[in-house]
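Please look through the sequence and the 3D structure shown here before reading on. The report is meant to be read alongside them, one part of the fold at a time.

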Amino acid sequence: MKKSIGISPNIETLFGTRDENVRLLEDGLNVTINLRSNAIELEGAARDVARAEQVFTDYETLQRSGYSFNNGDLNSMLRVLTSDSSTTLRGLADAGRQRSFGRRSVQPKSSNQRRYLEAIEKHDMVFGIGPAGTGKTYLAVAMAISALLAKRVNRIILARPAVEAGERLGFLPGTLQDKIDPYLRPLYDALYDMLDPEKVDRYLEKNVIEIAPIAFMRGRTLNDSFVILDEAQNTTSEQMKMFVTRLGFNSKAVITGDITQIDLPNARRSGLLEAIDVLKSVEGLTFVYFDEGDVVRHHLVQRIVRAYDEHKARVAEEQMLLLTEAKNADAANTNGKAPTANGNSAANGATSNEKAASADLKG
């Protein structure tokens, strides 16, 4: 099916740098897009052409309404749109306008990120689980700021395990705050990225935003709060149970972690792994899983994550192969010893018979 649509003013801004958005739409929607002198020609299956036409219509409508796309947001929206047939460009833009993230415009850059944001809006407790660079913590902080600015909560509490990889706070120099700040730096970075530094400092001073190790959560009931637990894979079972039972009235909790980067001693099971098993059927909370396709850092990060996954699979295959070879070798050795033993017995028997025959002759 072929269809021509008219060219609207400034439509070329939809195409992106070196027509990267056009190629994205062609690959994602299985259509061919050609720019003619007075029209844009779409070719493909009827359903695919209709979706592509809707993208151009939505873009024109958003432009007329004064909507502006910033910092690669358009490309991110188109990636979500091409991977999820239930979304539209206008729907994604409207969802972004409904959330205020301070001085930043935050748009999901994958279908899983979109589901993550929607899950945080709909549920009181959300677990975001996936590899580094998938936006788990950043988006959680963005949603917390959105809730605070909209006065849906009165404060934000950001918690993180402060002891990792066998380190102990007592060996670090400075005050307690000096000791824990390095562990909590990623949370500070997200805050300063979305809010003016003066506002962040003021919120921190008034405890509107509180950042602390998870140990500081014990014994508290957190009402009217947006609570985030980062690096949850490094909590113990006791810490995780303590944290998820802190939730008070009119509060939300988001727990993020990467189960491939557990720094706890082998003897202690990760509280996040246990929570996945224990809480999977509890009503009112949900789990959102990310993969390498959701990595939004430098493109090398996505390749690095994939390389580690492939290496892990390769090592597991090699270990299985070595185990199989060892079992086969043991079996071969066992089978080889039996004939030798029988042979020795036969030889010994023959030697005995020869000795007996020799004795008879001498006699």
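The sections below begin with the protein as a whole and then turn to its sheets, some of its helices and one loop residue.

## The protein as a whole

The model described here is predicted, and it contains eleven helices and nine strands. Of the 363 residues in the protein, 41% are buried, while the accessible surface comes to about 20200 Å², of which 50% belongs to carbon and sulfur atoms.

How far apart in sequence are the residues that touch one another? Among contacts between residues at least 6 apart in sequence, 72% join residues at least 24 apart.

## The sheet of six strands

Six strands form an open sheet with parallel pairing, and their order across the sheet is β6-β5-β7-β8-β4-β9. At its edges stand β6 (209-213) and β9 (285-289), each of which pairs on one side only. On average, and with direction ignored, neighbouring strands of this sheet are turned by 15 degrees against each other.

Strand β5 (residues 155-160) offers a good place to follow the pairing in detail. With strand β7 (residues 225-229), β5 pairs in the parallel sense over five bridges; within this pairing, Ile157 has Val227 as its bridge partner, and Leu158 has Ile228. Five bridges also join β5 to β6, and these two strands run parallel, with Ala212 in β6 as the bridge partner of Ala159. Because five of its six residues are buried, β5 is largely enclosed by the rest of the structure.

## Helices packed on the six-stranded sheet

Helix α6 (residues 136-149) lies across four strands, namely β4 (125-129), β5, β7 and β8 (252-257), and runs at about 170 degrees to β7. Helix α9 (residues 237-244) also packs on the sheet, where it touches β4, β5, β7 and β8, and its direction makes about 165 degrees with that of β7.

## The sheet of three strands and helix α2

A further open sheet has three strands in the order β1-β3-β2, and here the pairing is antiparallel. Why is one side of β1 and of β2 left without a neighbour in the sheet? Both β1 (2-6) and β2 (31-35) stand at the edges with a single partner strand each, so one side of each has no neighbouring strand in the sheet. The twist from one strand to the next averages 20 degrees. Five bridges link β1 to strand β3 (residues 39-44) in the antiparallel sense, and within β3 it is Glu41 that stands opposite Ser4.

Helix α2 (residues 46-64) lies across β1, β2 and β3, running at about 150 degrees to β3. This helix has 19 residues and reaches 27 Å from its first C-alpha to its last, close to the 27 Å expected at 1.5 Å a residue. The buried residues of α2 are Val49, Arg51, Ala52, Val55, Phe56, Asp58, Tyr59 and Leu62. An α-helix has 3.6 residues a turn, so residues three or four places apart point the same way. Just after α2, Gly66 takes a positive phi of about 90 degrees.

## Two helices side by side

Helix α1 (residues 20-29) and helix α3 (residues 73-83) have axes that come within 9 Å and cross at roughly 5 degrees, which means that α1 is roughly parallel to α3. Where they meet, α1 contributes Glu20, Asn21, Leu24, Leu25, Gly28 and Leu29, and α3 contributes Leu74, Asn75, Leu78, Arg79, Leu81 and Thr82.

## Helix α5 and the loop residue Asp294

Helix α5 (residues 111-122) has twelve residues and reaches 16 Å from its first C-alpha to its last, close to the 16 Å expected at 1.5 Å a residue. Several residues of α5 are buried, among them Asn112, Gln113, Tyr116 and Leu117.

Is Asp294 buried or exposed? Asp294, which is found in the loop between β9 and α11 (299-362), has a relative accessible area of 4%, and a residue counts as buried when that value is under 20%, so Asp294 is buried. Although Asp294 and Ser110 are 184 residues apart in sequence, they are 5.8 Å apart in space, C-alpha to C-alpha. Leaving aside residues up to four places away in sequence, Asp294 touches Ser110, Asn112, Gln113, Gly133 and Thr134.

Definitions and conventions: Residues are numbered from 1 along each chain as its sequence is written. This is a predicted model: local features need pLDDT of at least 70, side-chain atom pairs count only at pLDDT 80 or more; totals for chains, interfaces and linings use all residues. Side-chain values use heavy atoms; hydrogens and water are left out. Buried means under 20% relative accessible area, exposed over 50%, partly exposed in between (1.4 Å probe, protein chains only). Contact means heavy atoms within 4.5 Å. Accessible areas come from the Shrake-Rupley method with a 1.4 Å probe; for residues, only the protein chains shown count as cover. The expected span of a helix is 1.5 Å times one less than its number of residues. Two strands pair if DSSP finds at least two bridges between them. Axes are lines fitted to C-alpha atoms, for helices over the stretch in contact, and angles run from 0 to 180 degrees between N-to-C directions. Angles under 35 degrees count as roughly parallel, over 145 as roughly antiparallel, 65 to 115 as roughly perpendicular and the rest as oblique.
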